[in-house]
Each structure stands twice: as structure tokens, then as C-alpha cells.
Protein chains: 2
Amino acid sequence: MPGVQPSPPTPAVTSLRGVAAGRGCEFCGLRPRCLPAGLEGEHLAGFARAMPRARRLRAGEHLFRVGDPFESLFAVSRGCLKSYAVDAEGREHVLNFYFPGELAGADAIYPEQHMANAIALEDSVVCVLSYRTLGQLAVVTPELQQQLLRLVSRDLFSMATIAGDFTAEERLAAFLVMVSARLRGSGDAPTRLDLAMSRQDIASYLRLATETVSRILARFQRNGLLKADRRRILLIDPAGLYEIAACMNPYARCAEDRRPRHVRPFRSA
Amino acid sequence: MPGVQPSPPTPAVTSLRGVAAGRGCEFCGLRPRCLPAGLEGEHLAGFARAMPRARRLRAGEHLFRVGDPFESLFAVSRGCLKSYAVDAEGREHVLNFYFPGELAGADAIYPEQHMANAIALEDSVVCVLSYRTLGQLAVVTPELQQQLLRLVSRDLFSMATIAGDFTAEERLAAFLVMVSARLRGSGDAPTRLDLAMSRQDIASYLRLATETVSRILARFQRNGLLKADRRRILLIDPAGLYEIAACMNPYARCAEDRRPRHVRPFRSA
DNA sequence: CGACTAGTTGAGGAATTTCAAGCGGTGTGG
DNA sequence: CCACACCGCTTGAAATTCCTCAACTAGTCG
């Protein structure tokens, strides 16, 4: 069975306030990119009070599965998750990865049940956001409603990035650029990546064979673009990778450079 | 101009619905699937009064282009549109099609500008929905907020359907099943399709060469699954096509079986 | 009528997959 | 602590899907 990860023996569901620090949203470094972004004063306090219930996930533990009723959105606080579907032939298709500051589960809003599985790729922490409560808060907090829509829309964005018909090299380069951008906290995009996902996950996500991912990484390495040792990737020439992926404009570029509120005019190559 | 339907050679202002006919959303047959779904009484009247401005598009006319500031969402009332991006090498990538009852432009919420172009594939009518006004209405109309999120989430759904790694046959079969399902008004899924999109559009959307689309359609025809004459497709064995596409469960299935349901507002238990 | 475009069909070729084998960490049991 | 097995990853060779190139057909429009 593909995709079976080492399962921890215990569910390990702890109820801790806020994020890794164990405090409320007010003190969370991810807040500018998370749902309560833009909230202030009483709105923020109200959100922090009402909303987040933290849940820890061990690597390999599922956050939700196909068929689960949709009740909550999940803001990734620490770690990394993947969502995937298993088709009728048993093949696994990775649909998306979720990094800290991102929102998982939004694709279940419409069907009102989860159509995909989500699993932690490493030990992770998510904030469980009751969708009902979220809705109640959103109608009295326009900024929250706005941010919720923004974050759901962002998923469209990330899906469109890899939806197109590109070569394996282009997609893999774009993947690395994208991961680097999405792993960035508040500073610059990191050049050292410790990927949480396996080659197989990457391959499935990019619609490639795992061997192809290996081969292209090796090629990138030969060409001095990066240094790859298992899941540790060193981006030696990020600009070069970016160049390879640049054909995927405008999506690749925007996915990387996106910062809230500041819109740069589009300029085609 | 290409893309004109064989049936009505004239500008074809046949039976316009609701807004497009100069009447409000109250009388629009698409309402159960559109944004004001679930609204009643004063809420509905308020929405109908404040919101929709109809816009007609000739085949080949653009609704928006890359770089346009994001100001409105667009509910397709009649016709069909495609969204597409042009990469740095000048290749066009079709990202999505929009059928009556569907919402275009949601992928621009996050970046606050359009990252793709949208063009009418045939003479079409869309309802222009000012996003600002929409947001103002949504904070006082929980059902509207809910439906807005649902419709944006649905886009995630349709993208996930073809995101996976499937064979050309599977994707094309899934495409036909999907179009049939999405063209369905309130009745059954039609078995006669008058596609608004060219083979090239289909191919780009499915990440195939146009020749491959032709060949596979011919193969389907030889196998008695359908009858294809240019853009007129007769689904002779919908179940057979469904079978071929069924490997794409759960997405294919749900995209098809999804029926508009009464929206449960947040507050009701 | 004749040019033009969309679509079809065939042959050859290329990118990627599949099959197969081997490498190298990591964990486990002796 | 070491031997062994396992798993993720890599690499090579053969196979295959799908693409590219090319020619052709049939509608469409001036």
C-alpha cells in the first residue's frame, strides 16, 4: 500500500493553547499570514479566545480522511502535511502540501466532507478552527471574512501553479522555488531546505515517477544548481532554478513574491 | 470570429435569465446554484438590488486579463468561458472552464489582481459582482458568506479533479463526464454536448496535444462510447465513459453527483 | 470559388515511465 | 557492538505513452 508511513502507537492529541509557544494567537509569529491577520484589539482577542485549539500530529498521523465530515479548517503551525487522494486503482495522488501559515481542509467546504486525506509528513502542530465558529466570527469581523476568502483563494493559486503543462525539469525547479518561498517565515527564502516529503511524494505531486525526480535532481546537481543529499537540498543557484521555472509565470513568480497587501504590477517576460 | 455555435448564427439573445433579462436574481433559474442561493425575503431582494450588473460578451471577447486589478467576481449566466495563462515561452495553458452557474475570478482574490485571462468561448452573459459590495453584504448575510466560500471552494474541487496523474484516456473521459455534469441545469446530465471549446482548448486543459485529443475521441467512437462530430459530442455510453474516468474517484464522482443543496447558515445548529 | 481554420490521421521521435539492480543510511535483534 | 534487513533513494536499460511534424479533409467565410 503506497503512502503508509510509520504510524505512531499513540494518538497524541494534546490540547494546548495557541501555537508552539503554547500561547494565544496574539503572540504567534505566523499571525500575519494566518487567519487572524489584520485583526486587532478586541477582535483579535476574541478570535484568540474562541478559535484555535491546537492539535499535535506525529509524523504519519492523519489529520483527516476521505469521507470525514467537514467541521474544521486547519492552520498549520509547525511541521508539514500533505493531502492526497487514492484512486480506484489504488494509486495515490498527492494534491497539495501544507506549510506553516497555510490553511488545510478548505477543499472540503463545498462538498461538506473531506474528499482527500491529510497526513503529517513530520511531527506537526495545527490549529483546529471550527468552521462554524469561524463563520460566526466572520460575520462580525469583516477582516476575518476577508482573510478567510484570501486564504482559500490562495489554494487556487498554488494549484494553478502546477496545473499547467510543463516539462519535468520546469515543474521540479518550480517546486523547489515554491517550497523555499513557502518555508520562508518572515525573512528571506531559505537556500537550505529540509524537505519533509519523500521523493515519492514530490513525484506524485508533480505527476512524475520517483526515478525521474531523482534523475533531474542529479542533473541539477551536475549543473551546479543545487546540492541534494536525500531530503536536504542546498540551493546553490536559486536564480538559475528560478530561471528554469520562470516559464511558469505569472504563477511561479507571484507565488514566491507574494506579500500581503502589496500588489506589484504584472510585467511579462 | 471563431467559436460561434452552429445553431444560432445571430447574436443570439434568446432567453436571458434573471439579471441578464433585466429582471432580478429572484427570477433567475440559476439562483439555486449561484451566489444568492439560500437567500430569501429581504436578504434576497437586497442582494438583487445591490449586486448584479449583467455584462454581455461576444465570443472571443475577454472578461479580464492578466494584471487587471481584482474588483469583481463574475457569475456566468449564459455561455462558456475559459481562463488561461500564457507562460514566458508564449505557450497558452488553459486553467479552467466556466459554465452557467459558476463563479469566475475567485483566483484573483488572494493576489488582488488577475493572474490569468478569461475569455468567452461563445456569446455569453455574466453577472458582475463587485467584490467590495459582496463583502459588505456578506457580513450582514451569513448565508451569502457561506455560499461565497462554498463556490470558491468548488473551484478547488474542479482543479483537483484533473490535477492528478492519469492517462490521456482517463482525463478525456473525465473531462466529458465533467462537462456533461456541469452543463446540467436542473435536470439530468445531458448526453448531447455542444462544446464551446476547441480541441486545442481541451488539449491544453488536459495537458495533451490536440492530436491526442482527436485520436482518443476517435478511439472512444470506435469503441461505441460516443459519437463525435467536431464540437458536437453524443455520449452513447455515459456509463462506459464514467467507468474509464472512475479511477479518478472520489473527485470525478463527487463533481458529478453534487446537487445544489440548501445552504446551512452558520448560526443554525 | 478559393483561402483559411479546425480537426483528423499517419509516421517517426522524444520525454518520461517501467523494470531491474544496487547503494547507503537506519533500526533491530542477537 | 555488529550483522542483517528494510526502506528511501539512485542509476541504468528497455519500453511506452504521448508529442511533433506533416499531410490531408472538411467546413466556413470572404
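The following exercises, each with a worked solution, concern a predicted model of protein chains and DNA strands.

**Exercise 1. The surface near DNA strand D**

Task: Determine which residues come nearest to DNA strand D, and which element gives the most residues to the surface near this strand.

Solution.

Step 1. Begin with the residues around the strand. There are 16 of them, and those that come nearest are A:Arg199, A:Ser214, A:Arg215, B:Ala168 and B:Thr212. Of the atoms of DNA strand D that come within 4 Å of the protein, 54% belong to sugar and phosphate.

Step 2. Sort the residues by class. The surface near DNA strand D is made up of eight charged, four polar and four nonpolar residues.

Step 3. Examine individual polar contacts. In A:Ser214, a polar side-chain atom lies 2.2 Å from a phosphate oxygen of DNA strand D. In B:Thr212, an N or O atom of the side chain is 2.4 Å from a phosphate oxygen of the strand. In B:Ala209, it is a polar backbone atom that is 3.1 Å from a phosphate oxygen.

Step 4. Assign the residues to elements. Helix 6 (210-222) of chain A and helix 6 (210-222) of chain B are the elements that give two or more residues to this surface. Helix 6 of chain A gives the most, with four residues.

**Exercise 2. The surface near DNA strand C**

Task: Describe the surface near DNA strand C by its closest residues, its classes and its elements.

Solution.

Step 1. DNA strand C is surrounded by 16 residues, of which the closest are A:Ala168, A:Thr212, B:Arg199, B:Ser214 and B:Arg215. Sugar and phosphate make up 63% of the strand's atoms that come within 4 Å of the protein.

Step 2. The classes are four nonpolar, four polar and eight charged residues.

Step 3. Polar contacts reach both phosphate and base. A polar side-chain atom of B:Arg231 lies 3.1 Å from a phosphate oxygen of DNA strand C. A side-chain N or O atom of A:Glu211 is 3.0 Å from a base nitrogen of the strand.

Step 4. Helix 6 of chain A and helix 6 of chain B each supply at least two residues. Helix 6 of chain B gives the most to this surface, with four residues.

**Exercise 3. A residue with positive phi**

Task: Locate A:Arg207, decide whether A:Arg207 is buried or exposed, and state what is notable about its phi.

Solution.

Step 1. A:Arg207 is placed in the loop between helix 5 (199-205) and helix 6 of chain A.

Step 2. The relative accessible area of A:Arg207 is 9%, and A:Arg207 is therefore buried, the cut-off being under 20%.

Step 3. Most residues other than glycine have a negative phi. The phi of A:Arg207, however, is near 60°, a positive value in a residue other than glycine.

Step 4. Consider the DNA as well. A backbone N or O atom of A:Arg207 lies 3.4 Å from a phosphate oxygen of DNA strand C.

Step 5. Turn to chain B. B:Arg207 lies in the loop between helix 5 and helix 6 of chain B, and its phi is also near 60°. With 8% relative accessibility, B:Arg207 counts as buried.

**Exercise 4. An aromatic pair between chains**

Task: Classify the pair formed by A:Tyr110 and B:Phe157, and explain why this class applies.

Solution.

Step 1. The structure holds 12 aromatic pairs over all chains.

Step 2. The ring centres of A:Tyr110 and B:Phe157 are 6.0 Å apart and the ring planes stand at 65°, so the pair is edge-to-face; the cut-off for this class is over 60 degrees.

Step 3. The pair crosses between chains: A:Tyr110 is in the loop between strand 6 (103-104) and strand 7 (117-120) of chain A, and B:Phe157 is in helix 3 (residues 142-163) of chain B. Both A:Tyr110 and B:Phe157 are buried.

**Exercise 5. Helix 1 and the nonpolar core**

Task: Identify the buried residues of helix 1 of chain A and the elements against which they pack.

Solution.

Step 1. In helix 1 (residues 41-50) of chain A, the buried residues are A:Leu44, A:Ala45, A:Gly46, A:Phe47 and A:Ala48.

Step 2. These residues pack against strand 8 (124-130), helix 2 (131-138) and helix 3 (142-163) of chain A.

Step 3. The largest nonpolar core has 66 residues, and A:Leu35, A:Phe47, B:Leu35 and B:Phe47 touch the most other members. Beyond its neighbours within four places in sequence, A:Leu35 is in contact with residues including A:Phe47, A:Leu103 and A:Leu129.

Note on methods. Residues numbered from 1 in each chain as written. Chains lettered and ligands numbered in written order. Predicted model: local features only at pLDDT ≥ 70, side-chain atom pairs only at ≥ 80, totals over all residues. Heavy atoms only, no water. Near = heavy atom within 4 Å. Polar contact = N/O pair within 3.5 Å; in protein donor to acceptor, adjacent residues only side chain to side chain. Nonpolar A, V, L, I, M, F, W, Y, C, P; charged D, E, K, R; others polar. Core = buried A, V, L, I, M, F, W, Y, C linked by side-chain atoms within 4.5 Å. Buried < 20%, exposed > 50% of the residue type's maximum accessible area, 1.4 Å probe, protein only. Contact = heavy atoms within 4.5 Å. Phe/Tyr/Trp six-rings, centres within 6.5 Å; stacked < 30°, edge-to-face > 60°.
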